[in-house]
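Dear colleague,

I am passing on to you the structure that we spoke of, with the sequence alongside. Please look through it first, and then read the notes underneath.

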Amino acid sequence: PLAVSLTSVLNADIPLGGSVLVLGPGPLGLMAAQLAKLRGAGFVAITGLAANNPREKARLAAAPEFGCDLVIEIGKQDVEEEIKRRFPKGVDRVIVSAPPKSLPDALKVIRYGGLITFFGIHLGGQSTVNIDINDLIFRKITLVPTFAEPAINFPISNRLLKDGLVDASKIVTHTFGFDDAVATITANLDGSLPIIKAVMLPNG
């Protein structure tokens with residue numbers, strides 16, 4: 001997963017001291033935020049659903065530990081308003097780790113000449129979104145899809161973990177064995193446990 005997040009940050013080509021918005025506070029989004037800071041971003045914001053369950057609360061609460069300067073709760077705060085208050089012309093880069101329907105939100109806050117990279121997919125038939133092509137052309141917006149290519153970035157990801165630049169213990173909040181698999185996966189889906197990332201271990 002870290003290598004996937006790293007691929008998105010490399011694709012984002014973040015300018016030194018630039019501003020970045022990450023849509024989605026899951027494990028990939030949180031790691032992308034931290035990597036954006038390591039890559040030289042001066043400001044990183046992240047969005048997530050309003051903290052109405054333990055999972056969402058845990059992820060939003062952890063965001064500052066991953067370098068996020070601003071946490072925006074969708075449903076309680078307006079993303080465009082919060083971003084434009086700080087960056088009236090929009091942010092330099094947006095990394096979308098949320099479902100495809102979030103892409104139009106990214107377009108609302110990206111600056112002229114900015115870049116949006118996205119890897120949030122949807123396997124339930126909601127992968128199509130409406131985008132104003134004129135807006136992309138006249139504002140010179142670049143869209144860069146990020147495909148999971150972890151093998152390419154395994155070596156550097158391992159080094160980031162080994163050197164402590166990315167703390168895996170903050171990501172993996174739960175482990176479980178085969179006997180608890182159904183309960184843990186269900187809890188992750190319904191948000192009833194404060195899971196950032198759960199990992200199955202063969203011996204529990």
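What follows is a description of some features found in this structure, which is a predicted model.

I begin at the N terminus. Helix 1, made of residues 2-12, is mostly covered, since 9 of its 11 residues count as buried. The buried residues in question are Leu2, Ala3, Val4, Ser5, Leu6, Thr7, Ser8, Val9 and Ala12, and they pack against helix 2, strand 4 (91-96), strand 5 (110-118) and helix 7 (154-162). Directly after helix 1 comes Asp13, which has a positive phi, near 50°.

The salt bridges form the next topic. A search of the whole structure finds 11 of them, and I describe some here. One joins Lys37 to Asp69, with the closest N and O atoms 3.0 Å apart. This pair links distant parts of the chain, for Lys37 belongs to helix 2 (residues 27-38), while Asp69 lies in the loop between helix 3 (54-62) and strand 3 (70-74), and the two are 32 residues apart. Neither partner is buried: Lys37 is partly exposed because its relative accessibility is 26%, and Asp69 is likewise partly exposed, with a relative accessible area of 41%.

Helix 4 (residues 79-86) holds a salt bridge of another kind, in that Lys84 and Glu80 both lie in this helix, 4 residues apart, about one turn of the helix. The closest N and O atoms of Lys84 and Glu80 are 3.4 Å apart. Lys84 has a relative accessibility of 26% and therefore counts as partly exposed, and Glu80, with a relative accessible area of 33%, is partly exposed as well.

The side chains of Arg85 and Glu81 also meet in a salt bridge, at 3.1 Å from N to O, and these two residues of helix 4 are again 4 residues apart, about one turn of the helix. Glu81 is partly exposed, its relative accessible area being 46%. This pair does not stand alone, for Glu81, Glu82, Arg85 and Arg86 are linked in a network of salt bridges. As a general point, side chains of opposite charge can pair when their charged atoms come close.

On the nonpolar side, Ile133, Ile137 and Phe138 make a surface patch of about 350 Å². Ile133 is found in helix 6, which covers residues 133-138. With a relative accessibility of 49%, Ile133 counts as partly exposed, because that value falls between the 20% under which a residue is buried and the 50% over which a residue is exposed.

Leu49, in strand 2 (residues 43-49), falls on the other side of that upper cut-off: its relative accessibility is 51%, so Leu49 counts as exposed. Leu49 nevertheless has contacts, touching Glu56, Leu60 and Ile74 when residues up to four places away in sequence are not counted. The C-alpha atoms of Leu49 and Gly120, which are 71 residues apart along the chain, are separated by 15 Å.

With best wishes

Conventions:
Residues numbered from 1 in each chain as written. Predicted model: local features only at pLDDT ≥ 70, side-chain atom pairs only at ≥ 80, totals over all residues. Heavy atoms only, no water. Patch = residues over 30% accessible without salt bridge, like charges linked within 9 Å, V, L, I, M, F, W, Y side chains within 5 Å. Areas by Shrake-Rupley, 256 points an atom, 1.4 Å probe, with all protein chains shown as cover. Salt bridge = Lys/Arg side-chain N within 4 Å of Asp/Glu carboxyl O. Buried < 20%, exposed > 50% of the residue type's maximum accessible area, 1.4 Å probe, protein only. Contact = heavy atoms within 4.5 Å.
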